[in-house]
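Thank you all for coming; I would like to spend a few minutes on one model, looking at its salt bridges and then at its largest pocket. Please have the structure open in front of you while I talk.

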Amino acid sequence: MAEILEVSNLFKDFPIRRGILRRTVGYIHAVNDVSFTVQEREILSLVGESGCGKTTTARIILRLIDPTSGRVRFRQNGSGMTDLLSIDRREMQTIRREMQAVFQDPYGSLDQRMTVRDIVAEPLIIHKVVPRSQMDDRVRALLLSVSLKPEHMRRYPHEFSGGQRQRIAIARALALTPRLIVADEPVSALDVSVQAQIVNLLLELRESFGLTYVFIAHDLSVVQHVSDRVAVMYLGTIVETGTAADVYHHPRHPYTEALISAVPRPDPDRKLKRILLKGGVPSPVDLPVGCLFSSRCRYATDVCRAERPQLVATQEGHAAACHFQDTLDLRGVDDAGG
């Protein structure tokens with residue numbers, strides 16, 4: 001399949017301003033040289049701890065914020081790749097029909113003063129793609145596609161549960177028949193019993209609408225179920241990437257190993273061999289010279305603290321940024337329990 005999204009050498013620094021004159025005294029390095037591609041109808045998951053740069057990367061892809069440097073290219077339907085960072089707002093509005101987002105908090109992302117009908121119809125009105133005479137029929141079809149009752153379209157968001165509100169948000173994202181959806185922690189604010197329903201819905205919609213997802217999460221158990229490929233981020237940098245099977249069963253980076261060790265197991269009699277990371281996370285204001293994970297890594301040596309490793313592929317589609325990825329025997333998901 002063809003690539004639909006290409007992110008190249010992405011950097012994002014946020015200035016730190018202090019004093020009465022708000023002078024810049026430093027920078028928070030939120031995203032550091034992030035590169036990846038996404039194939040059509042693929043689900044790529046960005047995973048990592050809070051503050052690792054996942055959401056910032058997503059916002060840059062959607063052009064909600066601009067990067068310090070780098071390139072984001074998107075393949076429009078029936079045309080070639082477009083550099084999203086070099087086009088004006090009018091051109092970007094056209095492309096937004098094919099790129100939509102589902103946010104973490106369905107209560108906060110929905111206007112509580114609008115009915116469900118108006119929320120789902122809003123992108124159709126803005127982009128003028130459906131006549132007003134057909135608007136209600138289109139909204140009904142969208143609500144049915146996410147397993148909501150069309151007769152509830154006159155209700156307000158506060159009258160629904162968290163899972164139902166997220167279904168409304170998904171229906172709104174589907175309104176313009178997009179090709180790419182950026183899902184930023186779409187189930188983390190929901191009850192565990194509802195998370196599986198929303199994840200399964202997203203998978204069903206991929207098949208029905210031919211969707212591609214960039215799926216952002218910190219819950220590796222969810223990511224394992226939903227992903228084709230996984231990119232693990234640490235302190236603004238991708239430290240490992242590969243198919244979900246490769247990353248979970250044969251991790252190549254110590255940080256990935258530690259994340260996998262914390263994934264809950266359904267067997268209560270199987271004890272976890274959780275890896276407890278020692279040391280502190282380096283400040284994003286003053287990044288270390290060597291490996292960003294070296295201060296917490298139990299395998300770190302002097303070379304790790306002196307030289308930053310590059311993201312190098314060890315086999316087809318599987319790459320890690322670790323000096324010792326070829327020699328370490330790291331535990332995967334099958335080995336994390338005793």
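**Salt bridges and the largest pocket**

Let me begin with Arg 117, whose relative accessible area comes out at 16%, and which is therefore classed as buried, since the cut-off for that class is under 20%. Please keep in mind throughout that what you see is a predicted model.

The neighbour in sequence, Asp 118, has a relative accessible area of 31%, so that residue counts as partly exposed, the class that lies between buried and the exposed class at over 50%. The side chains of these two residues, Arg 117 and Asp 118, meet in a salt bridge, with 3.2 Å from N to O.

Arg 117 also has a salt bridge with Asp 136, and there the N to O distance is 2.8 Å. That second pair links distant parts of the chain, because Arg 117 sits in helix α3 while Asp 136 belongs to helix α4, residues 135-145, with their positions 19 residues apart in the numbering.

Turning to another pair, which residue does Arg 179 meet in a salt bridge? The partner is Glu 98, and the two side chains come to 3.3 Å, again taken from N to O. Here too distant parts of the chain are linked, with Arg 179 in the loop between α5 and β7 (180-184), Glu 98 in the loop between α2 (89-95) and β6, and the two residues 81 apart. Both Arg 179 and Glu 98 are buried.

Beyond these pairs, there is a network of salt bridges that links Arg 41, Arg 206, Glu 207 and Asp 228. Over the whole structure, the search finds 18 salt bridges.

Now to the pocket. The largest pocket holds about 400 Å³ of space, and 14 residues line that pocket, with Arg 96, Gln 100, Ala 101, Phe 103 and Arg 172 lying nearest its centre. Two or more lining residues come from each of β6 (99-102), α3 (116-127) and α5 (162-174).

Which element gives the most to this lining? It is α3, with four residues, and α3 is also the helix in which we placed Arg 117 a moment ago.

By class, finally, the lining of the largest pocket consists of nine nonpolar, two polar and three charged residues.

Methods
Residues are numbered from 1 along each chain as its sequence is written. This is a predicted model: local features need pLDDT of at least 70, side-chain atom pairs count only at pLDDT 80 or more; totals for chains, interfaces and linings use all residues. Side-chain values use heavy atoms; hydrogens and water are left out. On a 1 Å grid over the protein atoms alone, a cavity is a set of points where a 1.4 Å probe fits but cannot get out, and a pocket is an open set with protein on both sides within 12 Å along at least five of seven lines; lining residues have an atom within 4 Å of a point. Grid points are joined across faces, edges and corners, and a volume is the space filled by probe spheres set on the points. Ala, Val, Leu, Ile, Met, Phe, Trp, Tyr, Cys and Pro count as nonpolar, Asp, Glu, Lys and Arg as charged, and the others, Gly among them, as polar. A salt bridge is a side-chain nitrogen of Lys or Arg within 4 Å of a carboxyl oxygen of Asp or Glu. Buried means under 20% relative accessible area, exposed over 50%, partly exposed in between (1.4 Å probe, protein chains only).
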